[in-house]
Each structure stands twice: as structure tokens, then as C-alpha cells.
Amino acid sequence: MHSLGATLTNGALGVSVYDYLSGRHWRVNGDRWFHAASVMKIAVLAALFAAVERGRFTLDCRLHVRNRFLSMVDGAPFRVDAGRDGDADVHAAIGRTMRVRELATQMIVRSSNLATNLLLDLLTPSGVMDTLARVGVDGIDVCRGVEDDRAFEQGISNRVTPDGVVALLRAIVDGRFASTSASAEMIDILHDQQLTGTIEPGLPENVRTVARVAHKTGEISTVSHDAGIVFLPGRPPYVIAVLVESGGDARDRLDAGIAASSAAYACVSAAGEGVGR
Amino acid sequence: MSGSNPPLPIVDACELDARYRQLLRPGELMPTRTGEVHRLPRFFYEVPSTAHAVNTQLTPHFGLWEFMEVDLHEPEPLRTYPRYVPCAVAALAAALEVLRVEIGTPIRIAANGGYRSPAHTASTSGSPHCWGTAANIYRIGSEYLDSEERIGRYSDVASRVLAGCWTRPYGHAVGFADDHLHIDLGYATVVPRQVSEDGPSEAGPHTAREHG
């Protein structure tokens, strides 16, 4: 997997894989920090379900949909650009309310930035970080809402490491944020992902048809990430984060991510064959 | 008040269960952001169900439900039925009806932008929203009120046709608004007929009820 990053122009590849069957962990640049892009929404989802578990509110509670947020730098208001957001449904509800569950779903499956900021306003970035710390997840740094351009201009962005994202996903699988049923609901939301990413295209074709990939992509002008849980028939899942950063063409990043997913599957598959013999 | 349901009962909130009294704080003084104090409303419409909220028309163009949409920032007991809305909301609806007729197109009130209790997390200080006499309008017809031009234009109309109303100026700081038009009638309260305000009724609960 190490050679895959060499094909990127001015870029880096980070991969972390944990296999529940063999118990093995593979990593390339596992502790390198990347711009989180929308992969940080997994942390918001986990913190949301943890807050529900603690009884702060329920998933059926309603939240005012308002496109007005305050920069973490100076408190200046900013709005999420509807034209750049991946989801029109939440923008169509401005002024009214949506259920927390609907917002969580839109945040993940359509990568809605507006839904993300609404939920992050509710939870607060420090609340998300406290939740991650409580379950022992590090390598995730959620410090601001999406499209906080003032923060971005000052070099303040949400960051993740491949190992951090895998730790986060493992905490979801292991039920450390919430009950078993709530964890299953989080995974179902991740499974309903409507964006393709790189994990599933990297699987062999015959595997792809039977695999269930619960994942979240992250795409901005310089990164193409994908992170998720890969369920295969007859075996426990494996968890993978493929983070790709480069100043070059997005197609190159996606190709590198797909190749990394293929390599990860080969590692997991080979390690699994030795288990139980 | 009209609609398919019977007129709503009016209750003296001083006679409600303790959990409601603690949240609604009827008759208590509440300071505003600028330091004045006003007495919170005491008489409320009791809304038994969603159906009652939806089917009760306050004016030809405004249903009661439009002034009641709140989110999880309102304490849970006040989000579940029966719910309570200050009687002055009818006066607010009447004022907005004048504006609606003048403009000739639907006026949409934002969630948390009608009545919200003093226990709502947005009620950090006394606002006419806690009296049921303020509305945050986020959309008029197809126009979202999220620019200085639109907010200013409809603010001018409101000031022209609604004597005594106040609109929040456009701006980003506290005390201003940049994504809605805030209109209020001040800290008005409505007291039902045949009710004395000098103390709780001696006849026990529900004697303040009358059909509004």
C-alpha cells in the first residue's frame, strides 16, 4: 500500500484498516493529519447518538432549520451556500423544523452541510470532542462548522487521521457511544449512503455484489476521502479509512483511493484465510 | 376564533400544575435585555391536541398552530399537549392579518418565532415572544427575508399599516435581525372577562375558564 501515494501530485495517502476476524491492523500514514472534509460528520453522528443515549433529547425531537451560524473565529454570522451543498431538502425546510433523525440522515447520506451545522450547533464542537474523549477516540479534531470561511482563512479546519477515523468507526461497531440498537441504527444510516466513494469500487466485482458498505465520503478541492465498515457474508466486518490529499486532479485521488481499498481487501482476505485453520 | 373544533378554553396559569407554573412563570416580572421589567402573561389558551392547534383559525389567514411551532429548545412539557399559548396571540394574529391583506400573499412565521416560553433557551431575557405578541417572519410569498433590502421593504409596510408595532432593524449583532423580520406589539397581555387579577381564584382550578 505504501507505493500508492507515490502516484499523487503533491499529495499524500493515508490508510488504516482493522479486521474484526483476524484482529489485525494495517496502516499507512495512520497518524498523519488530513483535512477532515465531510468525514467529520461521522463524529457528529456518533456524538448525536451519544447525546440521545444520555437523554438530552430524542431522535424524534424537532429542530429549527435556520441557515445562520456564527464563525468560531469572531462570532461573525455566515451561511451555508445552498448551491454548494449536497442536499436541497434541508434548505427547502428553512424556517420550519425537521426531526433530529432526519437531519442526521441527510447529514450522512446526502452529506448535507446545513444539517451538519445545525446538529453541530446543538452539540457544540467541544461537546463532540468530549464525547470522543469519553470513549477513548483520538485522532479526530472537530473544532468548527462547515463553510466557516473565516476559520478556514486562518488555517483552522476539522482534521482527522486514518487511525482516528478507524477508532471512531470501531467505537460505533463496538457500541461504545450508545446501545446496540442505536449503534445498529447509526450503521444503517451510514449504509444508506448515496455517494459512491472509493471503498466499494475497490472491492473485487464478485465481492462488491454481496458486500454491505456503511460509509461516509469526504470531498473538497484537495481531498477525496472514504471511511466505513465493510460487511462481508459469513465473517465479521472490517473497518477502513482511506484518506487522500493532493493538489492534482480529483480523478487521480479517487483512483488512488480505489487502489488502496483493493489492497486493503487483499490484506483482509489473506489474513482471514488463516483464521480458524 | 373559528374552526372545526369548539373554542379553546382559557386557563389561569397560576392554577396549573407546579411543573407548568415553573416553566410559564405566570405573573412574574421578567427583565428585558435593556433592563426594563415586565410581568409575564397569566392567562393562556389551553390547546388540547395537534388537531385543535391546526383546526383553530385566529383570523382568515392565520391558524393558531403557526404561532406554536417550537423545537427542542423549548422544555419538553411545553412541547407536548395540552399546550398553552398566551391569550394575546389573538391580537398578534389580528395585526398580522392587516399586514397579510395589505401585502396580498402568504406570511410565514418561523419555528421558535411565535410564542416561546420564558423557559425556552432563546429566552435569555424578556422578549415579546414570551408574551405571544411577537412574530419572526422568515418568508413572504416566495421571498425569503434574508437580505437588508427585503427585510427593510416589508418592515416599512408593517410600520405603515400597523400603528404601534415595532420591527427589529436589519443587522448582525444582538438586537438586530438578518434572516427574518421581527414584528411585535410590545408587552401586551390579555385578561379574560369575569376574572380578577388580584390573586388566584377562590373557587379553585378552572374558574378562569371561559370560551374565548
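I'll start in chain B, at B:P82, which sits in the loop between β7 (62–63) and β8. The model is a predicted one. The peptide bond leading from B:Y81 into B:P82 is cis, with omega near 0°.

Two residues belong with that one as backbone exceptions. B:R25 has a phi near 50°, which is positive although the residue is not glycine. Its place is the loop of chain B that runs between α1 (18–24) and β3 (29–31). In chain A, the residue to look at is A:A37, again not a glycine, with a positive phi near 45°. A:A37 lies in the loop between β3 (34–35) and α1 (40–53) of chain A. As background, most residues other than glycine have a negative phi, and most peptide bonds are trans.

Are these two residues buried or exposed? A:A37 has 24 other C-beta atoms within 10 Å, and the cut-off for buried is 20 or more, so A:A37 counts as buried. B:R25 has 19 other C-beta atoms within 10 Å, so by that cut-off B:R25 is partly exposed.

Back to β8 of chain B, on the far side of that proline loop. Which strands share a sheet with β8? The sheet is open and has three strands, in the order β2-β5-β8 of chain B, with antiparallel pairing. β2 (10–12) and β8 (83–86) are at the edges with a single partner strand each, so each has one side without a neighbour in the sheet. On average, neighbouring strands here are turned by 45° against each other, ignoring direction. Between β5, residues 43–47, and β8 of chain B there are four bridges, in the antiparallel sense. To place the register, B:Y45 stands opposite B:V85 in β8.

Next along chain B is helix α3, residues 89–103. This helix has 15 residues and spans 21 Å from first C-alpha to last, close to the 21 Å expected at 1.5 Å a residue. Which residues of α3 in chain B are buried? They are B:V89, B:A90, B:L92, B:A93, B:A95, B:L96 and B:L99. What do they pack against? The partners in chain B are the strands β6 (56–59), β7, β8, β9 (107–109) and β10 (134–140), together with helix α4 (148–161). So β8 appears both as an edge strand of the three-stranded sheet and as one of the elements that the buried residues of α3(B) pack against. Just after α3(B) comes B:G104, with a positive phi of about 80°.

Now chain A as a whole. There are 10 helices and 12 strands in chain A. The C-alpha atoms fill a box of roughly 55 × 40 × 30 Å along the principal axes. The radius of gyration of chain A is 18 Å; a compact globule of 277 residues would have one near 19 Å, so the two agree. Of the 277 residues in chain A, 50% are buried. If we take contacts in chain A between residues at least 6 apart in sequence, 71% of them join residues at least 24 apart.

Last, the contact between the chains. How many residues does each chain bring to the contact? Chain A brings 13 residues and chain B brings 13 residues. The chain B side that touches chain A is made up of five nonpolar, two polar and six charged residues. That is where I'll stop.

Key:
Residues are numbered from 1 along each chain as its sequence is written. Chains are lettered from A and ligands numbered from 1 in the order in which they are written. This is a predicted model: local features need pLDDT of at least 70, side-chain atom pairs count only at pLDDT 80 or more; totals for chains, interfaces and linings use all residues. Two residues are in contact if their C-beta atoms, placed from the backbone, lie within 7 Å. Ala, Val, Leu, Ile, Met, Phe, Trp, Tyr, Cys and Pro count as nonpolar, Asp, Glu, Lys and Arg as charged, and the others, Gly among them, as polar. Two strands pair if DSSP finds at least two bridges between them. Helices (H or I, at least four residues) and strands (E, at least two) are DSSP runs, numbered from the N terminus. Axes are lines fitted to C-alpha atoms, for helices over the stretch in contact, and angles run from 0 to 180 degrees between N-to-C directions. A residue is buried if 20 or more other C-beta atoms lie within 10 Å of its own, exposed if 12 or fewer, and partly exposed in between; C-beta atoms are placed from the backbone. The radius of gyration is taken over C-alpha atoms; the globule rule is 2.2 Å times the number of residues to the power 0.38. The expected span of a helix is 1.5 Å times one less than its number of residues.
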